[in-house]
Structures are given as C-alpha cells and as structure tokens.
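Please open the model in your viewer and keep the sequence panel beside it. The stops below say what to select next and what is to be found there.

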Amino acid sequence: MSTGSTGSLGADPAAGHAAGEPRTAFVLAGGAALGAMQAGMVHALYERGIAPDLLIGTSVGALNAAFLASRPATVATAEELAAIWRGLRRSDILPLRPGALIGGLAGRRDHLIPDRALRRLAARHLQFDRLEHAAVPLYLVAFDLLTGTEARLSDGPLVDAVLAAAAIPGVLPPVRWRGRLLVDGGIADNTPVSQAVALGAGRIYVLPTQNPGDGGLPRPPRGALAAAVHAVTVLTNARLQDDLACHSSPAELIVLPAVNPRNIPPTDFGRAGQLITPALAAARTALAAGAPGPPAGIIPAEMWLAGPDGKDRPHD
C-alpha cells in the first residue's frame, strides 16, 4: 500500500503496455447510487476500443473499478455491470436496522449500518482475492482517519480494500488496515485524478458522478443520510475542479458527462436504469465528437477536456 502519491506503487501500470503510447487510466468517482451511470460510460468506452492500462477508484467507484479489473474490456462486461446495478436496492448496500441505528446514535458503535451486506455484494461479484492479482492494475483510494491523509491501496485483500475505500464515515464501519483506520476516500478526493497522474498515466478518462461545477439541488435532500451524502459531494466536487486545472499539463484529461436528467439522489438505488441509459448516450455523443477511435478527442463544450499543453480545447 502507498499513501498519497508517493511510495511503492504495487503492480506496474506499464506492464504489457505498447511502447510509445500514453498509459490510459480510468478514474471512477464516488457518488453512491449515482455510480450506476459509470456502467453506461464504460459501455461507450469499450465499444470504441478504449481500454484502461490502469484503474483508479474510490467509494462506489472502487466497487465498479474492482469489477472491471478482472474482466475483459468488452461491451459484454459493461452490460454485466449494468445488469448488476439494475438489480440493486438500497438494502443490498445500506440496510437500515433499528438496533444498529440506535447503537450508533447512542455512541456504542462508530457506525450506523454494518458492512455485511456490502461485503456480501463485493464477494459475490469480484473474481479475484487480492488487489495485486488484478488483470488490469487496480488502485483503490481510501482516507486514513488517524493521519488525515489519502491512502492508495495496491496490494492486499480485495474485499477489505473495497470496503475501506467505500466506508462512509459514521455510516459504515471504518476498516483497520495495517495499523491504519481507513474510510471512504471520497471525503478527501472523490475523483482521484491526482493518483492517476502520480501513477504515470498520460491519458486519463474521468468517469464522474457529478459534472465539474455542479452543486445545486432542485429540491432539499430527503432525510439525514441524503443530506450528509450531498454535503460531501459538494465539497469533493470543488476538489475535482481544482484537480482538473492542476493536472491538465502533465496529462490529457477527458471528462465524460455525468448525466442525471431526473435529479436522482445518491441514496436512491432503485433507479439505476434511469442513470445508465442517458449516461451511455451522452458518453457516446462526447466520444463521437472527436476522432473515430482512441484517443477520444474533443468533448462537447459544456465538458472539460484539457490537453498536455495545459490549454482547454473548446468544441468545434
């Protein structure tokens, strides 16, 4: 495991990479139920022959990245991921139990919801046991509560790493990992572009769950959990804007559109299809606006594509 952007990087992201080609990274953001839209984005990328040399994810993006890391970069894989999302309900990830809620609120536990359901879900769908065994180099980003720093996980038990990267503080239990106390990496960096740059990626496809600059809501959040998730999302989205500006010089950044026309909240796991379908259509449009094959080229004007020269490229 490495912390921040220094230290041992685990698996070599250059392994098996064609000489002269920039390393391609997929960065999968957090966003709870909004992570469903990443299945549509991946579908659009895979059908154009765009495959990752390394995968970086945090929060729900860690779950999606781990799923992709052991499977071929095919449309069938994207469709399988979409089918899983369409079958999910909140009880599969965040089951609310009165006893656990009372224990957490009374201070007898450091969380409100046990992680058993999420552990079962991860174990059911992930096809390898340890991070370093991933067919595509996989890096999951968590946050260390003890040191107050990001932790990039590149080796060790996969399911534990996924749970650490997705452990919403106060909601799910933190994960003890080699003397550290890890929680959802999204609280510090919900779209870990900086980690992809540190790993040497030259072309970075960003799969967000909210567009840079977005932060408003058409209506107030319903419930405490929805309000907490939205607050974290607003804070971390500001970090994404800063990262896009900071890292546009060393790498080509292609940010796919995060489309949510029905304003589905991050806590609604029952409407995945209404996120996947428009995300697929929007990603297809964005990728088709550029070259006919990899690299993807220009993103529509409302999105951000920064090139190695550090300049934004407006849509023609």
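Begin by selecting helix H6, residues 158-165, which is mostly covered, with seven of its eight residues buried; buried here means under 20% relative accessible area, taken with a 1.4 Å probe and protein chains only. Helices and strands are DSSP runs (H or I over at least four residues for helices, E over at least two for strands), numbered from the N terminus. This is a predicted model, in which local features need pLDDT of at least 70 and side-chain atom pairs count only at pLDDT 80 or more, while totals for chains, interfaces and linings use all residues. Residues are numbered from 1 along each chain as its sequence is written, and side-chain values use heavy atoms, with hydrogens and water left out.

Within H6, the buried residues are Leu158, Val159, Ala161, Val162, Leu163, Ala164 and Ala165. Display their surroundings next: these buried residues pack against helices H2 (60-69) and H5 (116-125), and against strands S4 (138-144), S5 (149-153), S6 (175-177) and S7 (180-184), where contact means heavy atoms within 4.5 Å.

From H6, move to Ala62, which lies in helix H2. Ala62 counts as buried because its relative accessibility is 0%. Leaving aside residues up to four places away in sequence, Ala62 touches Gly57, Leu140, Val162 and Ala165. The C-alpha atoms of Ala62 and Val162 are separated by 5.9 Å, although these residues are 100 positions apart along the chain.

Now keep H2 and add helix H3, residues 75-87: their axes come within 10 Å and cross at roughly 140°. That angle makes H2 oblique to H3, since angles under 35 degrees count as roughly parallel, over 145 as roughly antiparallel, 65 to 115 as roughly perpendicular and the rest as oblique. The axes are lines fitted to C-alpha atoms, for helices over the stretch in contact, and the angles run from 0 to 180 degrees between N-to-C directions. On the H2 side the contact is made by Val60, Asn64, Phe67 and Leu68, and on the H3 side by Thr77, Glu80, Leu81, Ile84 and Trp85. By class, this contact of H2 with H3 has six nonpolar, two polar and one charged residues.

The next selection is H1, which is mostly covered, as 10 of its 11 residues are buried. Among the buried residues of H1 are Gln38, Val42 and Tyr46. Their cover includes strand S2 (24-28), H2, H3, strand S8 (203-207) and H9. Just after H1, stop at Gly49, which takes a positive phi of about 80°.

Add H9 (residues 273-288) to H1 (residues 37-47), and the two helices are seen to pack at an angle of about 35°, with their axes 7 Å apart. In this pairing, Met37, Ala39, Gly40, Met41, His43, Ala44, Leu45 and Glu47 of H1 meet Leu275, Ile276, Ala279, Leu280, Ala283, Arg284 and Leu287 of H9. The residues of the contact of H1 with H9 divide into 11 nonpolar, two polar and two charged.

Finally, show the whole protein chain, which has nine helices and 10 strands. Of its 316 residues, 54% count as buried. Among the contacts in the chain with a separation of 6 or more, 75% are accounted for by residues 24 or more positions apart.

How values were computed
Ala, Val, Leu, Ile, Met, Phe, Trp, Tyr, Cys and Pro count as nonpolar, Asp, Glu, Lys and Arg as charged, and the others, Gly among them, as polar. Buried means under 20% relative accessible area, exposed over 50%, partly exposed in between (1.4 Å probe, protein chains only).
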